Amino acid sequence: MRRKHGLGDAPSSGAQQAITEQSYGAVIAAISQVLDAGKQDGSVREDADFGDFGDFLQLTGALWRAASGPEDRSPCMPALILDGLRARP
């Protein structure tokens with residue numbers, strides 16, 4: 001019987017580190033653009049800063065380790081995490 005693993009189980013820790021080092025700058029730039037655009041259009045809280053988005057990235061890291069199968073909560077996690085950045089009237 002094949003056991004299904006989460007996406008985080010796929011690459012080795014060395015491969016994950018290499019991917020992170022190669023993509024970090026581009027990811028930071030993209031996050032900054034998204035955060036700024038969201039503030040401009042009112043969809044992101046004005047008091048949100050890059051540190052909050054860093055916390056967001058750490059929280060989304062949990063998606064890599066989310067259990068697969070009937071108890072899999074990963075489909076609803078992004079919406080819950082993003083709700084913390086959403087602007088309120």
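The paragraphs below go through this predicted model from its overall make-up to single residues.

Residues are numbered from 1 along each chain as its sequence is written, and side-chain values use heavy atoms, with hydrogens and water left out. Because the model is predicted, local features need a pLDDT of at least 70 and side-chain atom pairs count only at pLDDT 80 or more, while totals for chains, interfaces and linings use all residues.

The pLDDT is the predictor's confidence in each residue, on a scale from 0 to 100. Averaged over the chain, the pLDDT is 75, and 82% of the residues score at least 70. Among the elements of the chain, α1 has the highest mean pLDDT, 83, and α2 the lowest, 72.

The chain holds 3 helices and 0 strands. Helices (H or I, at least four residues) and strands (E, at least two) are DSSP runs, numbered from the N terminus. Read along the sequence, the pattern is α-α-α.

Helix α1 covers residues 13-41 and bends by about 50° at serine 23. The bend at a residue is the angle between axes fitted to the seven residues ending there and the seven starting there. Just after α1 comes glycine 42, with a positive phi of about 85°.

The next topic is burial. A residue is called buried under 20% relative accessible area, exposed over 50%, and partly exposed in between (1.4 Å probe, protein chains only). Of the 89 residues in the chain, 18% are buried. In α1 the buried residues are Ile28, Ile31, Leu35 and Gly38. An α-helix has 3.6 residues a turn, so residues three or four places apart point the same way. Isoleucine 28, found in helix α1, counts as buried because its relative accessible area is 19%. The C-alpha atoms of isoleucine 28 and phenylalanine 53 are 9.6 Å apart, although the two residues stand 25 residues apart along the chain.

As for the chain's surface, the exposed area is about 6,800 Å², and carbon and sulfur atoms supply 57% of it. Accessible areas come from the Shrake-Rupley method with a 1.4 Å probe; for residues, only the protein chains shown count as cover.

Inside the chain, the largest nonpolar core has 8 residues: Ile31, Leu35, Val44, Ala48, Phe53, Phe56, Ile81 and Leu85. Helices α1 and α2 (50-65) each supply at least two residues of this core. A nonpolar core is a set of buried Ala, Val, Leu, Ile, Met, Phe, Trp, Tyr and Cys residues joined through side-chain atoms within 4.5 Å.

Contacts show how parts of the sequence come together. A contact means heavy atoms within 4.5 Å. Among contacts between residues at least 6 apart in sequence, 51% join residues at least 24 apart. Valine 44, a member of the core, touches Leu35, Gly38, Lys39, Leu85 and Ala87, leaving aside residues up to four places away in sequence.

Charged side chains also pair up. A salt bridge is a side-chain nitrogen of Lys or Arg within 4 Å of a carboxyl oxygen of Asp or Glu, and by this rule the count is 3. One of them joins the side chains of aspartate 47 and arginine 45, at 2.9 Å from N to O. Aspartate 47 is exposed because its relative accessible area is 51%, whereas arginine 45, at 35%, is partly exposed.

Aspartate 83 takes part in two of the listed pairs. The side chain of aspartate 83 meets that of arginine 86 at 2.8 Å, N to O, and that of arginine 88 at 3.2 Å, N to O. Salt bridges that share partners join Asp83, Arg86 and Arg88 into one network. Within this network, aspartate 83 is partly exposed, with 29% relative accessibility, and arginine 88 is exposed, with 54%.

What does arginine 86 touch, not counting residues up to four places away in sequence? The contacts of arginine 86 are Ser43 and Arg45. Arginine 86 lies in the segment after α3 (77-83) and is partly exposed because its relative accessibility is 40%. Arginine 86 and glutamate 46 are 40 residues apart in sequence, with 9.6 Å between their C-alpha atoms.
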